[in-house]
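Trainee: Got a minute? I'd like to go through this one with you.
Mentor: Sure, put it up.
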Amino acid sequence: MPPIGGFAVDPPARSTADAKSIFEALSDQFGFDKTVAEYLVDSMKLTTLEEFRWTLANEAQIEEKVVSKIASLGAAGAVQVARLRQAWNGICKALAKAEAA
């Protein structure tokens, strides 16, 4: 990569899988509703797990920026928040582990 502002800046690795497949697999693994995965891809325009990690600065934003925006979840919203928090934390840990390696 050419330097940016005099610094060698490496972009994150890009997955060869499409965004829909990535977030459906995450939904399957952590048990959150497919409409949540669809919202992440279609409305928030996320394409990678790195974007998922960095778009949400903390756990509180999971409810604020994602689950509360999906009216069809209704009373199931609370459990969806819990499951999406587990997924977000899992991604945070996996990315930190990969960066440390």
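Mentor: Keep in mind that this is a predicted model. Let's take the helix pair to begin with.
Trainee: OK. How do α1 and α2 cross, right-handed or left-handed?
Mentor: The crossing of α1 and α2 is right-handed. Their axes come within 9 Å and cross at roughly 145°.
Trainee: Which residues meet there?
Mentor: From α1, A19, K20, F23, E24, S27 and D28. From α2, K34, A37, L40 and V41.
Trainee: And by class, how many are nonpolar, polar and charged?
Mentor: The contact of α1 with α2 has five nonpolar residues, one polar and four charged.
Trainee: Stay on α2. Which of its residues are buried?
Mentor: V36, A37, Y39, L40 and V41.
Trainee: What do those buried residues pack against?
Mentor: Four helices: α1, α3, α4 and α5. α3 covers 49–55 and α4 covers 60–65.
Trainee: Take V36 alone. What is it in contact with, leaving aside neighbours within four places in sequence?
Mentor: V66, I70, L73, Q80 and L84.
Trainee: What about the residue K45, is its phi positive or negative?
Mentor: Positive, near 65°. K45 follows α2.
Trainee: Switching topic. Which residues touch the most other members in the largest nonpolar core?
Mentor: F23, V36, L40, F52, V66 and L84, out of 25 residues in that core. α1 (19–30), α2 (34–43) and α5 (77–100) each supply at least two residues of the core.
Trainee: Which helix gives the most?
Mentor: α5, with seven residues.
Trainee: Two Phe residues are on that list of core members. How many aromatic pairs does the structure hold?
Mentor: One. The rings are those of F23 and F52, with centres 6.0 Å apart.
Trainee: Why is that pair edge-to-face?
Mentor: Because the ring planes are at 80°, and over 60 degrees counts as edge-to-face.
Trainee: Where do the two partners sit in the chain?
Mentor: F23 is in helix α1 and F52 in helix α3. They are 29 residues apart, so the pair links distant parts of the chain.
Trainee: Is F23 buried or exposed?
Mentor: Buried, with a relative accessible area of 0%.
Trainee: And F52, buried or exposed?
Mentor: F52 is buried too, with a relative accessible area of 0%. The cut-off for buried is under 20%.
Trainee: Is there a general trend behind that, and what is it?
Mentor: In soluble globular proteins, nonpolar side chains tend to be buried together.

Note on methods: Residues numbered from 1 in each chain as written. Predicted model: local features only at pLDDT ≥ 70, side-chain atom pairs only at ≥ 80, totals over all residues. Heavy atoms only, no water. Core = buried A, V, L, I, M, F, W, Y, C linked by side-chain atoms within 4.5 Å. Buried < 20%, exposed > 50% of the residue type's maximum accessible area, 1.4 Å probe, protein only. Contact = heavy atoms within 4.5 Å. Axes fitted to C-alpha atoms, helices over the stretch in contact; angles between N-to-C directions. Left-handed = near helix turned anticlockwise from the far one by under 90°. Nonpolar A, V, L, I, M, F, W, Y, C, P; charged D, E, K, R; others polar. Phe/Tyr/Trp six-rings, centres within 6.5 Å; stacked < 30°, edge-to-face > 60°.
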